[in-house]
Structure formats: structure tokens, C-alpha cells
Amino acid sequence: MWACWACCGVCAADDPAVTPDEVDVLVVGGTVKGVAAATAAKRAGAKRVYLVTPFTYLGEDMAGTLELGLPPGEKPALPLVRKLWSGTAGLAAFDYTPSHRSPHPRWGFHNDWWERLSEPGNPSNPTDGVYYEDDVAYACELRKTSKIARIEVVVFEKKGRSHAKNPREGDAATGAVTCRVLDGPLKGQTIALTRQGEAGGIGGDAQLLGIDAISWQATVGTELRQVEIKVAKASSAQHQYVARIWFHLADVEKISEPPSPLKVKRTLDRELVDAGVGFLTGTAVRDVFRTDRGEIAGVEIVNRSGRHVIRAKCTVDATRYGALADFGKGLAVAGGGAEFSRVVLAEGKAPSAAGMKVEPSGEAFPISHAGITGRLYRCTFTLPMKDGTYPSLAAAEWEAREKTWVDGMLDDADLLVWRTAAWKDLETRIREGEALGRAAANAPAVAGSAAFNPSSRLPSWGEYDVVVVGGGTSGSPAAIAAARAGARVLLVEYLQVLGGVGTDGMILGYYDGN
């Protein structure tokens, strides 16, 4: 039991269901602003910095909204933005098509529409390669003409049983790698890649699996767009195991296209990890505790592990719209209406609705499905808002999804952007976060007294015959069936959409007999 936290004069109730914790700086919100605040506080000398966000990932104001670009004509200036926009580790993004499929469809990523070694900048474990029993060629096209310093192909090699039917049990080795240039200054030339030994930048359990990551490289030093990479199996081996193709940019700071949502999440994860900042995703603030002077002294959070109290000498509100300041009261709405925008990815026809402004964002680009290209559209509109409470926001979300729907939709933003004064451009949000973090690290502990009482009675939302927790492919039909049977039903889902893996997860069919 905590009797007293001396620096804040805060007392906690004796509640065995809650384990209190204390930090120097608590950041609420996993936005880019929140990550900037947390890392700045840590680097400014705060010893214990913690961040919590209700989302399952960091960067909801970018990855969740699909607001991934910079204003027209603006170039990245801040280090964090350059990390997001520059070619990941100096790698050029590209698309490719293999000459033929692997005869082992259960080993590696390959089926009718997804045959990839790895996304540039997102290397994963050693099993993310493709087995072949013969030579293979990859027709590669960079997303844009880029000056390439060198080409690198990574293969996995291992010793195994001769004539093994299972490729995991057989041996695998590559004998030669070449690159035939299809356009540009070196058009028609064939460049031989040389074996360089162990490859760097490969994570996973290669050593535990008895696998060697071998790098084949060639210096280029010219502009490329289309090439053919041929990987030849060693004559003495039963298989070869092709893992990565990397085009290293001549200038590692060369600006690439806007980051993917996954790159945003991964980059922000790495920022916190490298700075030594602890963080929890999927964690909502249930209550805010204030001193008798009105300063925030801590919060009660809730997640799948239960309830938890975090006390903080200083708290930074990095939620998208400053929701912590007036926690539980809703957000201010002027004039009964609010301007929103929502980004969708669609093929063919653009979204269209009365009173809605539609702006295409960037060039059309291919997605994982072969032959399908999409374009991002930012749709801006005004919606009626009774108040700034979450039920009103949920109603606006539903109406926005209806207005922006189009038959050719491929993907859409998880979140609306409420275009209030609080919504600012990316670099402004980062600068504000850094300033808040530095100030929090040097601020005195909140003064005054406040009672932490997480055992207080919860408000009642209502009474229901059936409560369904989880609105996925099972929960949603269950709730619908119960309602059709006459029950009063409440469906609770912590994601922004219903359907689970069938919608947000984009897993549209079962496989392997399941």
C-alpha cells in the first residue's frame, strides 16, 4: 500500500486491484507530438519517462489518419521527419515480379497475389525468403528513377540432408547473382554481383536455425529505374533461398516518397526504444487525478491487464485534441458543426458527395495485389456536431464513412481529422512536443494534495440483455443475431472499425483448411 508520495503530497486508497506506479514525466497520447515530447524529456534529463496511448500502435495522427505527406513544396527539416521521409537506411522503394513461383508454396511469402522477399526497410525474420530448386529472375522497377550507389542481394545458405523433399531439411546455396540494366545510362549492360560474406541488417533467428545470411553486392553509382536481377542456384545445392533485394541510394539522406503507415509505427517505436522511454499501447485513461490546485497529479489507466495508477511529477497531454485537459467533459464545438477530413485509398473513381471537397494526394501507386493501383484522396466536409463528446464523434465517424465510400475503395483511414486549431502541420506538432518534453523534464513536481481513489463507483451506461465484447468476424454477427431476436444489445469494440481481421486486418478468407 502507498501511504504518501512526498513530492506531490498525493495519497492513494488501499485498493489491491490497482498497483500504483510513479514516473517523472508521463506523456498521454502516442501521437508524433507525444513521441517527440517523451524523447525530448528523456534527453533533457528526466530519469523516468512513460507514454501511454489507447491505440494499438504509435503515430495515430499519421498512420491512423493516412495524413502522411508534407505540405506542397515543403522539405523535411527536423531529424525525426527526415527519418520518416528518407529512404529507409538509404534504400529505394521498388516493385518486382519473379520469373516463376516457388515449388514450395508453404515456405516463404508467395501465393497468387503476394510474392515478395521483404519490404524495403522492414526486414523481418529469416524465414521471409523464398525457396527455389532452380535459377530465378526478378524484374524490378524502382518507384522512381534514383541514383543507386550499390545493389545488394541477400540469400540464406545452409547445409542439410541431400535429396530432402522438405526444403527446410535440405541444403541451400546460391552460385551467382547478376543484374541486367533495362534503361538509363547503363541500358543493356550486365553487372555481376560478388559474394561479400555475412550480410548486415538481417534480424531474426538465423544462427539458431543454422542459416547463414550471405550478401552479394555490386557498385553501380548511376541512375536506375528498371533492372532484372538473376539469382542462380549453386550446382552442388538442392535448393537456393533468396531473401532480400536492396537498392542502396547514393545519398542516404535522399528524400523518398511519404512513409507507409507501417514505417511510421516502426520509426516511432524505435525512437522511444532508443531513447529509453517505456510505453504502453492499447491503454486508455479511465480517470484523471488532480491536486487541490487543479494540476494533474496522475491518471488511472485500464488495459487487458486490468487497472493501474500512474503518478507523475509532470504530465504532458499529447492526445490529438487535448482531451486530457477537460477529461470527461467533451471537446468544445462552435456553431453546432465541425470541419473534418478523411483520407481514402481508391482505384478508379474518386469519392464524391454533396458539399465534400476531394483532393487527390500524390501519384497513383501499386499495392500488394498484382495489377491494382490506388490513389489517396483527402475528403473534406462539414458535419453537424451536437457537442464534443465521444458519442457525437462516433456519429460523425459513421457519417464520414458513408460520405467517402466508393466502389473502388482499397483502404481507408482509421480516424477522422477534426480540422480544429489544434490540428497543425507535422513539423509544428513535433516542435511543440519537443518544447513540452523539455519543459516537463525541468518542471518542479506538482504541488498540493489530491486523493487517488480508483475504487470510486463507476457510472452506469445502462442495462442490457446481451453485452458482446469484440466486434470482429464472430462478435459482430453475434450482436446482430441477438438484436434480431429481440434482445437489447451492446457491442463493445476497441478498434475503430468492426469486422476485425476480415476488415481492418484485410484477411478476407480462411486457408489451410481452417
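**Close-up views of a predicted model**

**View 1. The surface position of V467 in the predicted model.** V467 has a relative accessible area of 47% and is therefore partly exposed, since values between 20% and 50% fall in that class. This residue is located in strand 21, which comprises residues 466–469. Together with V469 and V492, V467 forms a nonpolar patch on the surface. The combined accessible area of these three valines is about 270 Å².

**View 2. Helix 1, residues 32–43, and the residue G45 that follows.** At 1.5 Å a residue, the 12 residues of helix 1 should span 16 Å, and the 17 Å between its end C-alpha atoms therefore agrees with that expectation. The helix is mostly covered, with 10 of its 12 residues buried. Among the buried residues are V32, K33, G34 and V35, and the list also includes A36, A37, A38, T39, A40 and A41. G45, which follows helix 1, has a positive phi, near 115 degrees.

**View 3. Strand 14 and its pairing with strand 2.** Strand 14 (residues 306–317) pairs with strand 2 (residues 21–28) in the parallel sense. The pairing extends over 7 bridges. Within this arrangement, E22 stands opposite R311 of strand 14.

**View 4. The hairpin of strand 13 and strand 14.** Strand 13 (residues 296–303) runs antiparallel to strand 14, and 6 bridges join the two. I301 has H308, in strand 14, as its bridge partner. In this hairpin, 2 residues lie between the strands.

Note on methods
Residues are numbered from 1 along each chain as its sequence is written. This is a predicted model: local features need pLDDT of at least 70, side-chain atom pairs count only at pLDDT 80 or more; totals for chains, interfaces and linings use all residues. Side-chain values use heavy atoms; hydrogens and water are left out. Helices (H or I, at least four residues) and strands (E, at least two) are DSSP runs, numbered from the N terminus. The expected span of a helix is 1.5 Å times one less than its number of residues. Buried means under 20% relative accessible area, exposed over 50%, partly exposed in between (1.4 Å probe, protein chains only). Patches are made of residues with over 30% relative accessible area and no salt bridge: like charges are joined within 9 Å, nonpolar side chains (Val, Leu, Ile, Met, Phe, Trp, Tyr) within 5 Å. Accessible areas come from the Shrake-Rupley method with a 1.4 Å probe; for residues, only the protein chains shown count as cover. A salt bridge is a side-chain nitrogen of Lys or Arg within 4 Å of a carboxyl oxygen of Asp or Glu. Two strands pair if DSSP finds at least two bridges between them.
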